[in-house]
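Colleague: I have a model open and want to go through its packing and charge pairs. Can you take my questions one at a time?

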Amino acid sequence: MRLAILGGTGRVGGHVLNWALDAGYPVTALARSPEALLQVALVQEGQGAGGGETPGPEARRADTLGPQALGAAAMGPSAQNGGPRVAAARGPNAVVAAALSPSAGLTVVRGDALDETAVAEAIAGADAVISALGPRGAKRPSSGLLAGAAFNTVGAMRQTGARRLICVSAAGAFIAGDPNMSWLVKQVLPRVLAKQFGDVRRMEDVIRESGLDWTLVRATRLVNGPGTGRYRVSPDHAPPGGGKISRADVAHFIAAALTGNDWLRSAPALAY
């Protein structure tokens, strides 16, 4: 299975990218600055695998379906810090990449997710696409990145015939309909992050209307920390009492959903 990853230089995307490389999947990553990706690669390669951690054996769903085994999604040892270890670049950065081993199966395409041509190049030949771009934080105002990237991604996938699409979303963008969320949070959070959450909802609308085999991974508050492999997953809204999830465990879930072909055309929400 050939994968295309958008947002592979991010903190969620780096975990996903390393998992894919460790699992032996050929990957094409779209990056605005491939040289930055390669610099991270060199640092990761120098660190080696000694500090790796393996996620726990399963993720627990918050509904009545019982435990969901995630054995197929176990992260490799290099995936814990995010960012790829080795890479081969295509285009103007090929000279920079020449000193790195191409055996990792990673190709880097220079471009922005809002660049239709670059997105199409990254997705060409892919069997599945993962967007780990994620919503912008309060200090990084939304510019329609997620909705624009979704539009470009869906268009490229329709051209190539690729069907499987997994995108990072945000549970917070849908708290107005969450029966377990407090009234105060419902009043405050949507106002503080109105533009960011609006972009998330527009992204989901584009993907839901695509006709593809999509999964929208609604993460709760993202935190740093090692992957545990043990978290709760429930449809649409965060599991009761769950308010956060590590980026490594979001990547763990993405890997499981991809390899297990689970949660098709649904929006699972993740939390501890």
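The exchange below goes from the whole chain to single residues.

Modeller: This is a predicted model, so local features need pLDDT of at least 70, side-chain atom pairs count only at pLDDT 80 or more, and totals for chains, interfaces and linings use all residues. Residues are numbered from 1 along each chain as its sequence is written, and side-chain values use heavy atoms, with hydrogens and water left out.

Colleague: What share of the 272 residues counts as buried?

Modeller: Buried means under 20% relative accessible area, exposed means over 50%, and partly exposed lies in between (1.4 Å probe, protein chains only). The chain has 272 residues, and the share of them that counts as buried is 52%.

Colleague: How many helices and strands does the chain have?

Modeller: Both are DSSP runs numbered from the N terminus: helices are H or I with at least four residues, strands are E with at least two. The count is eight helices and 13 strands.

Colleague: Among contacts between residues at least 6 apart in sequence, what percentage joins residues at least 24 apart?

Modeller: Contact means heavy atoms within 4.5 Å. With pairs at least 6 apart in sequence as the base, the part joining residues at least 24 apart is 76%.

Colleague: How many residues of α1 are buried?

Modeller: Helix α1 covers residues 11-22 and reaches 17 Å between its end C-alpha atoms, close to the expected 16 Å. The expected span is 1.5 Å times one less than the number of residues. Trp19 is among the buried residues of α1, at 2% relative accessibility. The helix is mostly covered, and the buried count is 10 of its 12 residues.

Colleague: Which residue just after α1 takes a positive phi?

Modeller: Helix α1 is residues 11-22. Just after it, a positive phi of about 90° belongs to Gly24.

Colleague: Are the rings of Trp19 and Tyr25 stacked, edge-to-face or tilted?

Modeller: Rings of Phe, Tyr and Trp (its six-membered ring) pair if their centres lie within 6.5 Å; planes under 30 degrees apart count as stacked, over 60 as edge-to-face and the rest as tilted. The count by this rule is three aromatic pairs. The Trp19 and Tyr25 centres are 5.4 Å apart and the planes stand at 50°, so the pair is tilted.

Colleague: How far apart are the N and O atoms in the salt bridge of Glu204 and Arg218?

Modeller: A salt bridge is a side-chain nitrogen of Lys or Arg within 4 Å of a carboxyl oxygen of Asp or Glu. A search of the whole structure finds four. In the bridge between Glu204 and Arg218, the N to O distance is 2.8 Å. The pair links distant parts of the chain, with Glu204 in helix α7 and Arg218 in strand β9, 14 residues apart.

Colleague: Is Arg218 buried or exposed?

Modeller: Arg218 sits in strand β9, residues 213-219. Beyond its neighbours within four places in sequence, its contacts include Phe174, Arg208 and Leu270. Its relative accessible area is 4%, so Arg218 is buried.

Colleague: Which residue's backbone oxygen lies 2.8 Å from a polar atom of the Arg218 side chain?

Modeller: A polar contact is a pair of N or O atoms within 3.5 Å; within protein, one must be able to donate a hydrogen and the other to accept it, and residues adjacent in sequence count only if both atoms are side-chain atoms. The side chains of Arg218 and Glu204 are joined by one such contact. The backbone oxygen at 2.8 Å is that of Asp236.

Colleague: Which residue of α7 forms a salt bridge with Glu204 at 3.5 Å?

Modeller: Glu204 is buried, at 1% relative accessible area. Its α7 partner lies four residues away, about one turn of the helix. That partner is partly exposed, at 37%. The closest N and O atoms are 3.5 Å apart, and the residue is Arg208.

Colleague: Which residues form one network through shared salt-bridge partners?

Modeller: Arg265 forms a salt bridge with Asp213, the closest N and O atoms being 3.8 Å apart. Arg265 counts as partly exposed at 46% relative accessibility, and Asp213 does at 24%. The network joins Arg163, Asp213 and Arg265.

Colleague: How many of the 14 residues of α8 are buried?

Modeller: The end C-alpha atoms of α8 are 20 Å apart, which agrees with the expected 20 Å. Phe253 is one of its buried residues, and ring pairs link Phe253 with Tyr231 and Trp263 in a cluster. Helix α8 is largely enclosed by the rest of the structure, because its buried count is 12 of 14.
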